Amino acid sequence: MQDFAAIDFETANGTRSSVCSVGVVVVRGGKVVDSYYSLIRPTPNYYAWFCQQVHGLSDRDTNTARRFPEVWEEIEPMIEGLTLVAHNARFDEGCLKAVHEAYALPYPGYCFYDTLAASRRTFGRTLPNHQLHTTAAACGYHLEQHHHALADAEACAAIALKIL
């Protein structure tokens, strides 16, 4: 796969629509050509302790951030016509569908590929697990800021270029 957009969401709580940050990496012709990161004011707007421990974001970071529809207006043209790629795509696709529904936005039916599933097919039991940082390392990519949406999208793009 040479043309795609890797996408990663972080959520504020257990609700899939509570996206609080997004990272996107656009790949064309096998090269990274663009990237995007934004904080998002989540819906619903509260943070679960567990989520804060994972990504380090809190309401202090997003209280003045834009809402999803404003952020998506910038992302949508970047990814138009591209397949989306995510590590554990069920989560990120679920977030994207849920936040579109929360704001009554039409969902365009994006096609998602999953680098987690690809990792399991490619590496099988040769890896201790198939978490993003483990798979990225197996693909020769060092992930430094795990659970930062853009860093995770960059790692996902590197994995996709290697094994998809």
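Trainee: In what sense do E4 and strand E5 pair, and over how many bridges?
Mentor: Keep in mind that this is a predicted model. E4 pairs with E5, residues 112-114, in the parallel sense. They share 3 bridges. The cut-off for calling two strands paired is at least two bridges, so E4 and E5 qualify with 3.

Trainee: Which residue of E5 stands opposite Leu84?
Mentor: Phe112 does. On the E1 side, Leu84 of E4 stands opposite Ala5.

Trainee: How do you know that strand E1 and E4 are joined?
Mentor: Count the bridges again. Strand E1, residues 4-11, has 3 of them to E4, and the two run parallel. The cut-off is at least two bridges, so this counts as a pair.

Trainee: What makes both faces of strand E4 count as covered?
Mentor: Look at each side of residues 83-86 in turn. Thr83 and Val85 lie on one side, and both are buried. Leu84 and Ala86 lie on the other side, and both are buried too. In a regular strand the side chains alternate between the two faces of the sheet. Buried means under 20% relative accessible area, so each of these four residues falls below that value.

Trainee: What kind of unit do E4, helix H4 and E5 make?
Mentor: A β-α-β unit, and a right-handed one. Helix H4 covers residues 89-102. The test is made with the strands pointing away from the viewer: a clockwise path from the first strand over the helix to the second is right-handed. The path from E4 over H4 to E5 therefore runs clockwise in that view.

Trainee: In what order do the 5 strands form the sheet?
Mentor: The order is E3-E2-E1-E4-E5. The sheet is open and the pairing is mixed. Strand E3, residues 31-39, and E5 stand at the edges. Each has a single partner strand, so one side of each has no neighbour in the sheet. From one strand to the next, the twist averages 25°.

Trainee: What makes the pairing mixed?
Mentor: Set the pairs side by side. E1 and E4 run parallel, as do E4 and E5. E1 and E2 run antiparallel, joined by 8 bridges. Strand E2, residues 19-28, and E3 are also antiparallel, again over 8 bridges.

Trainee: Which residue is the bridge partner of Glu10 in E2?
Mentor: Ser21 is. Ser21 in turn has Leu39 as its bridge partner in E3. Elsewhere in that E2-E3 pair, Val27 is matched with Val32.

Trainee: Why is E2 called largely enclosed by the rest of the structure?
Mentor: Of its 10 residues, 9 are buried, so the rest of the structure largely encloses E2. E2 also forms a hairpin with E3, with 2 residues between the strands. Gly29 in that hairpin has a positive phi near 60°.

Trainee: Where does a residue other than glycine take a positive phi of about 70°?
Mentor: At Asn88, in the loop between E4 and H4. His147 also has a positive phi, near 75°, and is not a glycine. His147 sits in the loop between helix H6 (132-138) and helix H7 (149-163). Most residues other than glycine have a negative phi, and most peptide bonds are trans. The bond from Thr43 to Pro44 is cis, with omega near 0°. Pro44 belongs to the loop between E3 and H1.

Trainee: Why is Asn88, at 33% relative accessibility, put in its class?
Mentor: Partly exposed lies between the buried limit, under 20%, and the exposed limit, over 50%. Asn88 has 33%, so it is partly exposed. His147 has 29%, so it is partly exposed as well.

Trainee: How does Ser119 count, at 0% relative accessibility?
Mentor: Buried, because 0% is under the 20% limit. Ser119 is in helix H5, residues 115-123.

Trainee: What volume does the largest pocket have?
Mentor: About 460 Å³. Its lining has 19 residues, and Glu10, Val54, Asn88, Phe91 and His147 are the closest to the centre. E1, helix H1 (49-55) and H4 each give two or more residues to the lining.

Trainee: How do the residues of that lining divide?
Mentor: Into 6 nonpolar, 9 polar and 4 charged. Glu counts as charged, so Glu10 is one of the charged lining residues.

Conventions:
Residues are numbered from 1 along each chain as its sequence is written. This is a predicted model: local features need pLDDT of at least 70, side-chain atom pairs count only at pLDDT 80 or more; totals for chains, interfaces and linings use all residues. Side-chain values use heavy atoms; hydrogens and water are left out. Buried means under 20% relative accessible area, exposed over 50%, partly exposed in between (1.4 Å probe, protein chains only). On a 1 Å grid over the protein atoms alone, a cavity is a set of points where a 1.4 Å probe fits but cannot get out, and a pocket is an open set with protein on both sides within 12 Å along at least five of seven lines; lining residues have an atom within 4 Å of a point. Grid points are joined across faces, edges and corners, and a volume is the space filled by probe spheres set on the points. Axes are lines fitted to C-alpha atoms, for helices over the stretch in contact, and angles run from 0 to 180 degrees between N-to-C directions.
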